[in-house]
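Q: I am new to this structure and would like a close look at a single part of it. Please start from one pair of facing residues, and then explain how the surroundings of that pair fit into the rest of the chain.

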Amino acid sequence: TYLSLSGSNGRKWYRPIKLQHLLDLKARFPDARFVVGNTEVGIEVRLKGIHYPVLISVAHVPELNYIRVEDDGLEIGAGVKLSQLVDVLKKVRNNRPEYETSSCRALIEQIKWFAGTQIRNVASVGGNICTASPISDLNPLWMATGAKFQIIDCKGNVRTCLAKDFFQGYRKVDLTSSEILLSVSLPWNKPFEFVKEFKQSHRRDDDIAIVNAGMRVCLEEKDKKWVVSDALIVYGGVAPLSFAASKTSDFLIGKSWNKELLQDSLKILEKEIVLKEDAPGGMVEFRKSLTFSFFFKFFLWVCHQMD
Ligand code: FAD
């Protein structure tokens, strides 16, 4: 029913072509690594010398490899490659009302600066999410956009987890050893809801982030003022995991979108994002200033959208 190869080093390689086969294999080998683009696993095996006795290629499982346009948003299979995702996001951007696709446009822009073409052609959405790197370029955006993850266990039970609750610690996610990531649901945006991506790296092309971010704010008109009805500000590269600045985000809610909000939220942000002198990654002052400048840029960008 599925291809299985054994290497001389005792390593086993499986290539299921149906979800049920994949679930059976996951039940048999709870600690097996999945492989799509191999851009994370390959580095662990070749450069870090980690031995994975069982590898399961999930690139040919149709239930993980689809993108569907639904009434309430996009449904993206975990095995979808980043280049495929961008193609669909661009079509959606061109065909739907502009306000609905703010998240799609932020993802398109962020993926533009994600690695290089070769990596984007093979790297998967699920591989990036489940690796849970603290400098993943996409996880802050999935969180900020309000995306939800569908998770399936070996028995076929499906549960949903908000992206913002999925990341629990350094490369630690809300998945048990009997579960896999099935898909991502990306909601359409509401009118006056704005999503923006940020990334600063040493080089513009093909480089990992020093700090990145995903930010979303939803405004509504009250007494002739534009008031924040919902917001989420998320940073990468400032903590062991993609970090939701919830105090700052909560502070924004109910406030008018004006200069005072900007000044007050920068003060809260300064307290909320704590980078110790010896924080891994160094460049502490620079990284701190990036968190402020991204928020400042976001503030101005939203003002510009409202003009
Ligand atoms: P794989 O290596 O195939 O798998 C990664 C992990 O995900 C494995 O542990 C596997 O078990 C798990 N997994 C995969 N699918 C599932 C699933 N459905 N359910 C549960 N677990 C699953 N990342 C960035 O964010 N920004 C960058 O700019 C960037 N640049 C890079 C440049 C280079 C040169 C390289 C090598 C990597 C770069 N990366 C970057 C990291 C990497 O490309 C991404 O994390 C990529 O999306 C991983 O996808 P993959 O399919 O290659 O994962």
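A: Lys148 stands opposite Ser185 in strand 11, and this pair is a convenient place to start reading the structure. What you see is a predicted model, in which local features need a pLDDT of at least 70 and side-chain atom pairs count only at pLDDT 80 or more, while totals for chains, interfaces and linings use all residues. Residues are numbered from 1 along each chain, as its sequence is written.

Strand 7 joins strand 11 (residues 179–187) through 6 bridges, and the two run antiparallel. Helices (H or I, at least four residues) and strands (E, at least two) are DSSP runs numbered from the N terminus, and two strands pair if DSSP finds at least two bridges between them. Strands of a sheet pair through backbone hydrogen bonds, either parallel or antiparallel.

Strand 7 (residues 148–153) has another partner as well, since it pairs in the antiparallel sense with strand 8 (residues 158–162) over 5 bridges. Within this second pairing, Phe149 has Cys161 of strand 8 as its bridge partner. Strand 7 and strand 8 form a hairpin with 4 residues between them, and in the turn of that hairpin Gly156 has a positive phi of about 95 degrees.

Strand 11 also leads to the ligand, because it is among the elements that surround it. Of the 29 residues around the ligand, those that come nearest are Val36, Gly37, Ala115, Gly127 and Asn128; a residue is near when its C-beta atom, placed from the backbone, lies within 6 Å of the molecule. Two or more residues of this shell come from each of strand 3 (33–35), helix 2 (41–46), helix 6 (125–131) and strand 11. Helix 6 gives the most to the shell, with 5 residues.

Where does the ligand lie with respect to domain 1 and domain 2? Both domain 1 (3–57) and domain 2 (62–187) give residues to the shell around the ligand, so the ligand lies between them. The domain assignment, which is an automatic or database one, adds domain 3 (193–306) to these two. The centres of domain 1 and domain 2, taken over C-alpha atoms, are separated by 21 Å, and the contact between them takes 10 residues from domain 1 and 15 residues from domain 2. Two residues are in contact if their C-beta atoms lie within 7 Å.

Helix 2, one of the elements of the shell, holds Val45. Leaving aside its neighbours within four places in sequence, Val45 is in contact with Ile50 and Tyr52. Val45 has 17 C-beta neighbours inside 10 Å and therefore counts as partly exposed, the class between buried (20 or more other C-beta atoms within 10 Å) and exposed (12 or fewer).

The residue range of domain 3 takes the reader to another set of strands, where 4 strands form an open sheet in the order 12-13-14-15 with antiparallel pairing. Strand 12 and strand 15 (243–244) stand at the edges with a single partner strand each, so one side of each is left without a neighbour in the sheet. Strand 12 (residues 193–201) is joined to strand 13 by 9 bridges, and Phe194 has Val217 in strand 13 as its bridge partner. Strand 13 also pairs with strand 14 (residues 225–236) in the antiparallel sense, over 11 bridges. Along this second pairing, Ala213 stands opposite Tyr235 in strand 14, and Glu220 stands opposite Val227. Strand 13 and strand 14 form a hairpin with 2 residues between them, and Asp223 in the turn has a positive phi of about 45 degrees. Of the 14 residues of strand 13 (residues 209–222), 10 are buried, so this strand is largely enclosed by the rest of the structure.

Finally, the whole chain can be set around these parts. There are 11 helices and 15 strands in it, and its C-alpha trace spans about 65 × 45 × 35 Å along the principal axes. Of its 307 residues, 40% count as buried. Among contacts between residues at least 6 apart in sequence, 62% join residues at least 24 apart.
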